[in-house]
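Colleague: I've got a new model open and I'd like to learn how to read it. Can you walk me through it feature by feature?

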Amino acid sequence: MARAIAVQTPRTSTASGARSSSVRKRFRSQVLPRIVLILMCAIFILPFYWMLTTALKSNDEIGAYPPTLWPHDLRWANFKDAVEVFPFWSFLRNTATITALTVLGAAISNPIVAYGFSRIAWPGRDKVFFLVLATVFVPFPVLIIALFDIFARLGWINTFLPLVVPLFFGNAFWIFLMRQFFMRIPQEVSDAARLDGANELQILFKIIMPQSWPALSAVCLFAGLHAWNDFLGPLIFLQDETKYTLAIGLTFFESQSQYDIRFNLLMAASALIVLPVIVVFLMFQRVFVEGVTLGSMK
Amino acid sequence: MAAEILAASSPRRPPFGQRFLLGRAERRNLAMGLLFISPWIVGFVAFLLYPFIYTIRIGFTQYSGFGDPLWIGLENYRQLFRDDLFWKSLYNTLFYTGLAIPVGVVVAMGLALAMNQPVPEVPIYRAILYLPSVIPAFALSFIFLTLLDPARGIFNQALMAVGLPNINWFGDPRYSKLALVILAQFGAGQAALIFLAGLKGIPPTLYEASMLDGAGTWRKFWNITLPMMTPVILYDLILGLSTGIQIFTQIFVIFGNDPPGAPANSTLAYVPYLYNNGFRYGQMGYAAAMAWVLFLITLVLAFFIFRSSNRWVHYDTD
């Protein structure tokens with residue numbers, strides 16, 4: 001039957017054949033990728049969904065089996081209760097202080113050091129820069145024992161100094177990121193400024209930095225994230241409860257009663273810590289993405 | 001002869017720098033360059049080089065953190081060699097890293113290929129896929145504690161819905177390390193972005209040429225995409241090695257530290273064990289010896305990855 005039609009009207013047949021192949025092409029280029037992407041996104045968003053829904057469940061409901069997909073009634077009071085399990089506001093102040101100082105240190109030190117590694121030609125520069133890159137092969141945990149002892153002798157334990165001061169001296173990844181950016185700016189710009197009698201500091205702050213906001217903001221964001229997300233550092237260097245950060249605060253839920261963690265409150269507190277990160281990320285998405293790719297180039 | 005040299009050199013002695021064949025401008029640049037990088041030099045010496053050497057030194061002592069370290073030579077290393085928990089922690093860490101790295105490469109590549117699809121709203125998908133890698137590892141670990149809970153978590157409900165068994169991820173030693181590998185994949189968005197940049201860097205002419213040869217999607221991936229991506233994969237392997245071998249936070253949060261390594265020492269990892277020795281058992285010397293060994297292991301593994309790379313990494317020669 002179909003063959004008969006095809007024989008009778010060959011022109012429509014080829015037309016519909018072309019249409020079906022274009023439909024298939026459209027499916028492969030537009031529909032199929034979307035299905036895959038949406039499935040992937042569903043998986044990657046699952047932890048956030050679970051955090052928020054668990055945070056809003058009542059005590060009875062978190063014990064329910066099978067677990068409910070959506071809270072029966074939204075218990076917003078969990079957020080109020082969660083911040084009372086540990087001194088949330090004081091830990092928030094500590095975390096915010098450390099984060100702000102870390103960003104400040106990174107914003108000052110990395111551009112200056114990167115400038116010395118990119119905009120001034122001096123003998124041996126690239127060999128020394130190779131040493132900078134090599135330092136990433138010394139994992140931080142290798143140094144924790146010695147650093148603790150050194151900082152203890154300096155009387156820095158239970159202060160924010162061990163977490164903040166090293167950031168004022170540059171970090172290999174962020175020096176690298178800034179240097180990559182600085183190298184893209186034509187050397188003639190600096191040469192012209194030098195002929196006009198500008199010194200190197202003036203060139204850095206008046207000419208190079210104003211063009212380097214994307215790199216500087218990426219470094220600031222990564223530094224802020226590093227401080228906000230740090231767990232091992234505060235765990236080692238801060239032992240007095242008044243100095244704890246939010247990261248350590250969450251462990252209070254475990255130590256309170258190891259076998260019956262109040263997951264709804266734990267998730268409510270987690271949400272309060274994660275939320276600022278999500279907001280910052282959504283606001284500065286482009287900066288993040290450019291920073292990650294810039295920092296990875298050979 | 002000597003007088004001649006004296007006579008020649010004394011009136012106009014060559015400037016100091018010229019003995020190293022440096023001109024005036026070069027000397028100025030050297031001074032300026034060093035001045036600008038001086039913060040890094042100070043930081044490098046104070047917070048890396050000195051602690052590094054100090055670690056090696058404490059490694060030869062018995063030291064509780066108080067009083068003076070007692071020199072005991074190689075005793076810590078001898079003890080390390082006989083310490084079953086040390087070997088267990090090393091085994092677990094290498095097992096985890098060895099599993100997390102290849103899985104991570106495949107997941108990151110899959111995400112990057114999906115992120116590279118020409119659908120108009122793809123930036124939204126990219127943002128969602130990248131999001132879990134910016135949130136703190138400790139928070140993600142706490143979320144996982146409830147998400148993968150066999151009774152209360154939704155993850156296992158989904159597994160059972162498709163006919164898979166209800167796995168006790170954090171209580172069963174057979175699955176505890178696998179749970180950590182799964183957790184690590186939620187941070188794959190970071191690597192995926194780097195992979196994506198790599199994908200975008202592949203010249204389209206290569207694909208056009210192979211299309212003329214009638215190559216299918218799979219052959220294009222295998223013959224063009226994968227070889228062109230090998231430098232990015234190498235970078236990811238090194239990054240994965242470094243983060244894998246340092247695993248601490250996730251284990252500390254999920255499996256607790258009292259006793260460490262639950263269940264049945266199956267998650268006793270290197271850095272948590274080092275941490276416990278140094279900060280809980282008061283064996284700073286022993287922990288320092290472990291730290292030094294950790295550095296050597298990292299270095300050796302990185303060396304082997306780099307050495308193997310000239311056999312499989314494709315560098316564009318034109």
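Colleague: Let's start with confidence. Over which residues of chain A does pLDDT stay under 50?

Modeller: General idea first: where pLDDT is low, the predicted coordinates should not be read in detail. This is a predicted model, and in chain A pLDDT stays under 50 over residues 1–14. For that stretch the model has one contact beyond four places in sequence. Helix H1 of chain A (residues 2–8) has the lowest mean pLDDT among the elements of the chain, 39.

Colleague: And which element of chain A has the highest mean pLDDT?

Modeller: Helix H8 (residues 161–164) of chain A, at 98. Chain A as a whole averages 89, with 91% of the residues scoring at least 70.

Colleague: Okay, on to the fold. How many helices and strands are there in chain A?

Modeller: 17 helices and zero strands. For overall shape, set the radius of gyration against the globule rule: chain A comes out at 28 Å, well over the 19 Å the rule gives for 298 residues, so the chain is more spread out than a compact globule. The C-alpha trace spans about 90 × 70 × 30 Å along its principal axes. Buried residues make up 40% of the chain. Of the contacts in chain A with a separation of 6 or more, 78% are between residues 24 or more positions apart.

Colleague: How do I read a single helix, say H11 of chain A? Which of its residues are buried?

Modeller: An α-helix has 3.6 residues a turn, so residues three or four places apart point the same way. In H11 (residues 200–208) of chain A, the buried ones are Glu200(A), Ile203(A), Leu204(A) and Ile208(A). Looking down the axis of H11(A), they fall within an arc of 100 degrees, so they line one face of the helix.

Colleague: What do those buried residues of H11(A) pack against?

Modeller: Helices H5 (88–118), H9 (172–184) and H10 (187–195) of chain A, together with H2 (24–58) of chain B.

Colleague: That brings in the other chain. How many residues does each chain put into the contact?

Modeller: Chain B puts in 74 and chain A 71. On the chain B side, H2(B) gives the most, with 19 residues. That side divides into 56 nonpolar, 16 polar and two charged residues.

Colleague: One last residue: is Leu274(B) buried or exposed?

Modeller: Count the C-beta atoms around it: the cut-off for buried is 20 or more others within 10 Å. Leu274(B) has 25, so it is buried. This leucine is found in helix H13 (residues 270–280) of chain B. Beyond its neighbours within four places in sequence, Leu274(B) is in contact with Pro141(A), Ala287(B), Met290(B), Ala291(B) and Leu294(B). The C-alpha atoms of Leu274(B) and Leu294(B) are separated by 9.5 Å.

Key. Residues are numbered from 1 along each chain as its sequence is written. Chains are lettered from A and ligands numbered from 1 in the order in which they are written. This is a predicted model: local features need pLDDT of at least 70, side-chain atom pairs count only at pLDDT 80 or more; totals for chains, interfaces and linings use all residues. A residue is buried if 20 or more other C-beta atoms lie within 10 Å of its own, exposed if 12 or fewer, and partly exposed in between; C-beta atoms are placed from the backbone. Helices (H or I, at least four residues) and strands (E, at least two) are DSSP runs, numbered from the N terminus. The arc is that of the directions from the helix axis to the C-beta atoms. Two residues are in contact if their C-beta atoms, placed from the backbone, lie within 7 Å. pLDDT is the predictor's confidence in each residue, from 0 to 100. Ala, Val, Leu, Ile, Met, Phe, Trp, Tyr, Cys and Pro count as nonpolar, Asp, Glu, Lys and Arg as charged, and the others, Gly among them, as polar. The radius of gyration is taken over C-alpha atoms; the globule rule is 2.2 Å times the number of residues to the power 0.38.
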